[in-house]
Amino acid sequence: MSITFEKVLILKNIPLFESASEMALSDLIASAEEKTYKVGDVIVDNEKENSSLYIVLLGKAGVQKEGETIEEFLPRQIFGETTVLSPAVLPHPIKALEKTIILKINGHRLYQVMSLHPSIAKGFIGELSKRLR
């Protein structure tokens, strides 16, 4: 998947980014890295600090605990939204449950895009505050 327009549409349907402009989302996508994982590949290692946001474009990822999947992430779902803002080691690894394409956004790059496009920062603040209620 390499067409920016398709990725903008995907991001526009994620609550975190729904209020962002197409230009802001295009800039965010340009700063991101698209990665493809095979079944069983580790997407986020629980032995290393994580400071990235992950968006599932295609496939399925899962949080693994003692060999069991305790949470799944499907296309148009995100993970790492708190560690991208405040880096941390996750308690459990996240692995690809099938062939999975992820859009990975580094925290430093996210902050750069947020400084140019406050609508992305506003979306983060709004969505994370909803979760705290």
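Q: Lys 130: buried, exposed or partly exposed?
A: In this predicted model, Lys 130 counts as partly exposed, at 46% relative accessibility.

Q: What does the side chain of Lys 130 meet?
A: The side chain of Glu 127, in a salt bridge with an N to O distance of 3.9 Å.

Q: How far apart are those two along the helix?
A: Glu 127 and Lys 130 are three residues apart in helix H4, which covers residues 118–132. Because of that spacing, about one helical turn separates them.

Q: And Glu 127, buried or exposed?
A: Glu 127 counts as buried, because its relative accessibility is 14% and the cut-off for buried is under 20%.

Q: How many salt bridges does a search of the whole structure find?
A: Two. Besides the pair in H4, Glu 34 forms a salt bridge with Lys 7, and their closest N and O atoms are 2.6 Å apart.

Q: Where do Glu 34 and Lys 7 sit?
A: In distant parts of the chain, 27 residues apart. Glu 34 belongs to strand E1 (residues 33–37), and Lys 7 to helix H1 (residues 4–12).

Q: Which of Glu 34 and Lys 7 is buried?
A: Lys 7 is buried, with a relative accessible area of 7%. Glu 34 is partly exposed, at 31% relative accessibility.

Q: Why would such side chains pair at all?
A: Opposite charges can pair when the charged atoms of the side chains come close.

Q: Staying around H1, which residues form a nonpolar patch on the surface?
A: Ile 3, Phe 5 and Leu 9. Together they have about 310 Å² of accessible area.

Q: What about Leu 9 itself, where is it?
A: Leu 9 is in helix H1. Its relative accessible area is 40%, so Leu 9 is partly exposed.

Q: Is Lys 12 buried, exposed or partly exposed?
A: Lys 12 is partly exposed, with a relative accessible area of 26%. Lys 12 is also placed in helix H1.

Q: What separation do you get from Lys 12 to Arg 76?
A: Their C-alpha atoms are separated by 9.5 Å, and the two residues are 64 residues apart along the chain.

Q: Where is Arg 76, and what is its phi?
A: Arg 76 is in the loop between E6 and E7. Its phi is positive, about 75°, although Arg 76 is not a glycine. At 43% relative accessibility, Arg 76 is partly exposed.

Q: Which other residue has a positive phi without being a glycine?
A: Glu 66, with phi near 50°. Glu 66 lies in the loop between strand E5 (61–65) and E6. Glu 66 counts as exposed, because its relative accessibility is 77% and exposed means over 50%.

Q: Switching to pockets. How much space lies in the largest one?
A: About 270 Å³.

Q: Which elements give two or more residues to its lining?
A: Strand E6 (68–73) and strand E7 (78–79).

Q: How many residues line the largest pocket, and which lie nearest its centre?
A: The lining has 14 residues. Nearest the centre of the largest pocket are Glu 71, Phe 73, Phe 79, Gly 80 and Ile 94.

Q: How does the lining divide by residue type?
A: Seven of the lining residues of the largest pocket are nonpolar, four are polar and three are charged.

Q: Now some C-alpha distances. What about Lys 99 and Val 39?
A: The C-alpha atoms of Lys 99 and Val 39 are separated by 5.5 Å, with their positions 60 residues apart along the chain. Lys 99 sits in the loop between strand E9 (94–96) and strand E10 (100–106), and it counts as exposed at 57% relative accessibility.

Q: And Ser 26 to Lys 95?
A: Ser 26 and Lys 95 are 27 Å apart in space, C-alpha to C-alpha, and 69 residues apart in sequence. Ser 26 belongs to helix H2 (residues 22–30) and is partly exposed, with a relative accessible area of 25%.

Q: What about Leu 28, buried or exposed?
A: Leu 28 is buried, with a relative accessible area of 0%. Leu 28 is found in helix H2.

Q: How far is Leu 28 from Ile 125?
A: From C-alpha to C-alpha, Leu 28 and Ile 125 are 17 Å apart in space, and they are 97 residues apart in sequence.

Definitions and conventions. Residues numbered from 1 in each chain as written. Predicted model: local features only at pLDDT ≥ 70, side-chain atom pairs only at ≥ 80, totals over all residues. Heavy atoms only, no water. Salt bridge = Lys/Arg side-chain N within 4 Å of Asp/Glu carboxyl O. Helix = DSSP H or I, 4+ residues; strand = E, 2+ residues; numbered from the N terminus. Buried < 20%, exposed > 50% of the residue type's maximum accessible area, 1.4 Å probe, protein only. Patch = residues over 30% accessible without salt bridge, like charges linked within 9 Å, V, L, I, M, F, W, Y side chains within 5 Å. Areas by Shrake-Rupley, 256 points an atom, 1.4 Å probe, with all protein chains shown as cover. 1 Å grid on protein atoms, 1.4 Å probe; cavity = no way out; pocket = protein on both sides within 12 Å on 5 of 7 lines; lining within 4 Å. Points joined across faces, edges and corners; volume = space filled by probe spheres on them. Nonpolar A, V, L, I, M, F, W, Y, C, P; charged D, E, K, R; others polar.
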